[in-house]
4 protein chains.
Amino acid sequence: MANPFEHIIRVTWGDCDPANIVYTGRLPWFALDAINAWWEANTGHGWYKMENDDNLGTPFVRIEMDLMSPVTPRHPLRCRVWPNRLGDTSVGFRVEASQDDKLWFAGNFVSVFTQADAFKKTQPPEIIREIVQANLIPAT
Amino acid sequence: MANPFEHIIRVTWGDCDPANIVYTGRLPWFALDAINAWWEANTGHGWYKMENDDNLGTPFVRIEMDLMSPVTPRHPLRCRVWPNRLGDTSVGFRVEASQDDKLWFAGNFVSVFTQADAFKKTQPPEIIREIVQANLIPAT
Amino acid sequence: MANPFEHIIRVTWGDCDPANIVYTGRLPWFALDAINAWWEANTGHGWYKMENDDNLGTPFVRIEMDLMSPVTPRHPLRCRVWPNRLGDTSVGFRVEASQDDKLWFAGNFVSVFTQADAFKKTQPPEIIREIVQANLIPAT
Amino acid sequence: MANPFEHIIRVTWGDCDPANIVYTGRLPWFALDAINAWWEANTGHGWYKMENDDNLGTPFVRIEMDLMSPVTPRHPLRCRVWPNRLGDTSVGFRVEASQDDKLWFAGNFVSVFTQADAFKKTQPPEIIREIVQANLIPAT
C-alpha cells in the first residue's frame, strides 16, 4: 500500500480566533494547502504551475470534513494526504490532520479536471492519471 | 414553514484566485459568515458576543459542501441560512448560496454547544433552543 | 471639498485573534476592501471588472497604516475613503476607519496604473483621471 | 553586526489573485508571520505562547511597506527579519522579503508591549529586552 505524503503546517496566532483555537474557516484552507503540496511533491507542479504552465485545472466540487479536536499553535499540524478516488474526469483526496499524535480533523475532497483556459471538464493527461493511480488508497 | 434568513456577501477581487473565481478555501468562510449572521439576526448576538457576553460557544464538528458553480465578484452572493437539525447539545445549519438566481454552493454544518470558558459540551439556554426550534426546517 | 465615500465593514468573530480583537493582518485587508468599494461606487467597476473588462490594473506599491485602537465586532467599522494624490501613472488613497465615532486606524495607500494584460505601467484612461480628480482631497 | 533571521514562506495558489500574483492583502500577513517566527526562533515563544503563557502582548501600532515586485508561487519567499528599534515600551522590526534573489517587498513594523490580560502598555521583561538588544540592527 502506498505510503501517504505528509505536509506540515506551522499554525500561528493569526490563524486563531478568540476561543484560542484555530478558526473553523481556516481548516478547509489548511486541508487545501496540504492537497496542493501533494500535487507539488508528486508531480513537480502545484496548482499555480498546473494552471499556468499545463493548462490543467482541478476545481473542487465536494468538501466534507469532520473536526474532532481544536487545533492550536502549540504543535505543528501534520497533514497526511493521499488520493482516495480516481474517476474518468475526477479525483478525490483524503486529508487527515494530527497534532501531538492525535487525529485533529479529517476530510474528503473531490475535484474535477478541467482544461483551465476553457474552464471545461476534461480527462487528465495520462502521466497525471498514472501518478494518482500509483498513490491511490481507495476509500473503504 | 419558516422563511429562511438571507445574508448577502459582497464578493471581491481579493477573494478570487488566478482562475478568476473565488478560491475554494474562501467558500466555507463565506458559509460561516452567513451562519454567524443568522445568529446575530435571530438572537441579537453573533459568535463574538455569544462567547464573550453569554459564555456560549458553538464549535463546528462537521462541514460538508457541494460546489456547483464558480463564484465571482460579478454578482452579490446571496446566502440563505436556516437551522436544519437540533439535538440535545448540537445544532445543524443549511446554507444555500446563489448568484444571479442560480444555486452556487450548498452545505450542511453541525456545531455543538459548549460552555465557552470551559470548552465543555453543554445544553444551550432554553431561549436559544426556542429560537432555533422556531426557525427549524428539518433536513429531508 | 469633496465628501468622502464611506464603506461599512461587518467585523466578525473569524476576523479576531485570541486577544479578542481583529488580527493586525486583517486590517490592511479591510482598508483594501474599502478602496475597492470606492472604485466600484465611483466608476461602476471594482478591481475585478477593471482588470477583466477594462484591462486596467492598479497594483499597490506603498502601504502605511497607523493603528490607534483595537477593532472589535461590537460595532460596524466605518471606513471613509478618498483619493489623496494623483500622479501621471499613480494614485493614492486615504482610508480612515472608525468604530463608535472614534478613529481606529488610518492609512495611505499608493497604486500605479497598469495595462493589466501586460503588467506594464500606463497612464489611466481620461475618464478615470477625471473621476479621481473630482474626488481628490490632497494630503496635507 | 547581528545576522538577520530568515523565515521562508511557501507561497501558494490560494494566496494569489486573478492578476496571477499574490494579493496585496496577503503581504502584510506574510510579514507578520515572519515577525512571529522571529519571536519563536529567538525566545522560544511565538505570539500565541507569549500571550497565553507569558501574559505579554505586542499589538502593532504602525505598519509601512514598500512593494517593489509582485510575489508569485514560483519561488519560496525568503523573509529576513530583525528588530530595528527598541524603546522603553515598544519594539520595531524590519522585514525584507526576496524571491529568486531580488527584493520583493520591505517594511517596518512597530509594536508596543502590553500586559496581555489588561491590554495595558508595559515595559517588556528584562530577558526580552536583552534578546531584542542582542539582535538589534538600528534603522539608518
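This is a short walk through the structure, one selection at a time. Keep in mind that the model is predicted.

**Stop 1: chain A on its own**

Start by showing just chain A as a cartoon. You should be able to pick out three helices and eight strands. Follow the cartoon from the N terminus and the elements go by in the order β-α-α-β-β-β-β-β-β-β-α.

Now turn the chain around. Its C-alpha trace spans about 45 × 35 × 25 Å along the principal axes. A compact globule of 140 residues would have a radius of gyration near 14 Å, and chain A has 15 Å, so the two agree. Of the 140 residues in chain A, 49% are buried. If you switch on contacts and keep those with a separation of 6 or more, 66% of them join residues 24 or more positions apart.

**Stop 2: helix α1 of chain A**

Next, select residues 26–43 of chain A, which form helix α1. The helix has 18 residues, and from its first C-alpha to its last it reaches 26 Å, close to the 26 Å expected at 1.5 Å a residue. Is α1(A) mostly covered or mostly open? Mostly covered: 15 of its 18 residues are buried.

Step just past the end of the helix and click on Gly44(A). This glycine follows α1(A) and has a positive phi, near 90°.

**Stop 3: Val22(A)**

Go back to the loop between β1 (5–9) and α1 of chain A, and select Val22(A), which sits in that loop. Why does Val22(A) count as buried? Because there are 25 C-beta neighbours inside 10 Å of this valine, and 20 are enough to call a residue buried.

Show the neighbours too. Leaving out residues up to four places away in sequence, Val22(A) touches Val11(A), Asp15(A), Cys16(A), Leu27(A), Pro70(A), Val71(A) and Thr72(A). For a distance to try in the viewer, pick the C-alpha atoms of Val22(A) and Pro73(A): they are 51 residues apart along the chain, yet separated by 7.9 Å.

**Stop 4: bring in chain B**

Now turn on chain B next to chain A. How many residues does each chain bring to the contact? Chain B gives 21 residues and chain A gives 21 residues. On the chain B side, α1 (26–43), α2 (47–54) and β3 (60–67) each supply at least two of these residues. The largest share, eight residues, comes from β3(B). Colour the chain B side by class and you get 14 nonpolar, three polar and four charged residues.

Zoom in on the two β3 strands. Strand β3 of chain A, residues 60–67, pairs with β3(B) in the antiparallel sense, over five bridges. One bridge to look for joins Ile63(A) to Met65(B).

Stay with Met65(B) for a moment, and look within chain B. Gly107(B), in β6(B), is its bridge partner there. That bridge leads you to strand β6 of chain B, residues 102–112: seven bridges join this strand to β3(B), and the two run antiparallel.

**Stop 5: the axis between A and B**

Zoom out until both chains are in view. A turn of 180° with a shift of 0.0 Å along the axis lays chain B on chain A, with an RMSD of 0.0 Å. The two copies are thus related as by a two-fold rotation axis. Where does chain B come nearest to that axis, going by C-alpha atoms? Select Glu64(B), whose C-alpha is 2.1 Å from the axis. Of the interface residues of chain B, 100% are also interface residues in chain A, so the copies meet through the same surface.

**Stop 6: helix α1 of chain B**

While chain B is on screen, select α1(B). Its 18 residues should span 26 Å at 1.5 Å a residue, and its end C-alpha atoms are 26 Å apart, which agrees. As for burial, 15 of the 18 residues of α1(B) are buried. Gly44(B) comes after this helix, with a positive phi near 90°.

**Stop 7: chain D against chain B**

For the last selection, hide chain A and show chain D with chain B. Here eight residues of chain D are in contact with eight residues of chain B. The chain D side has four nonpolar, three polar and one charged residues. A rotation of 180°, with 0.0 Å of shift along its axis, superposes chain D on chain B at an RMSD of 0.0 Å. Both copies use the same surface, as 100% of the contact residues of chain D recur in chain B.

Technical notes: Residues are numbered from 1 along each chain as its sequence is written. Chains are lettered from A and ligands numbered from 1 in the order in which they are written. This is a predicted model: local features need pLDDT of at least 70, side-chain atom pairs count only at pLDDT 80 or more; totals for chains, interfaces and linings use all residues. Two residues are in contact if their C-beta atoms, placed from the backbone, lie within 7 Å. Helices (H or I, at least four residues) and strands (E, at least two) are DSSP runs, numbered from the N terminus. Ala, Val, Leu, Ile, Met, Phe, Trp, Tyr, Cys and Pro count as nonpolar, Asp, Glu, Lys and Arg as charged, and the others, Gly among them, as polar. Two strands pair if DSSP finds at least two bridges between them. Copies are superposed by least squares on the C-alpha atoms of residues with pLDDT of at least 70 in both. The radius of gyration is taken over C-alpha atoms; the globule rule is 2.2 Å times the number of residues to the power 0.38. A residue is buried if 20 or more other C-beta atoms lie within 10 Å of its own, exposed if 12 or fewer, and partly exposed in between; C-beta atoms are placed from the backbone. The expected span of a helix is 1.5 Å times one less than its number of residues.
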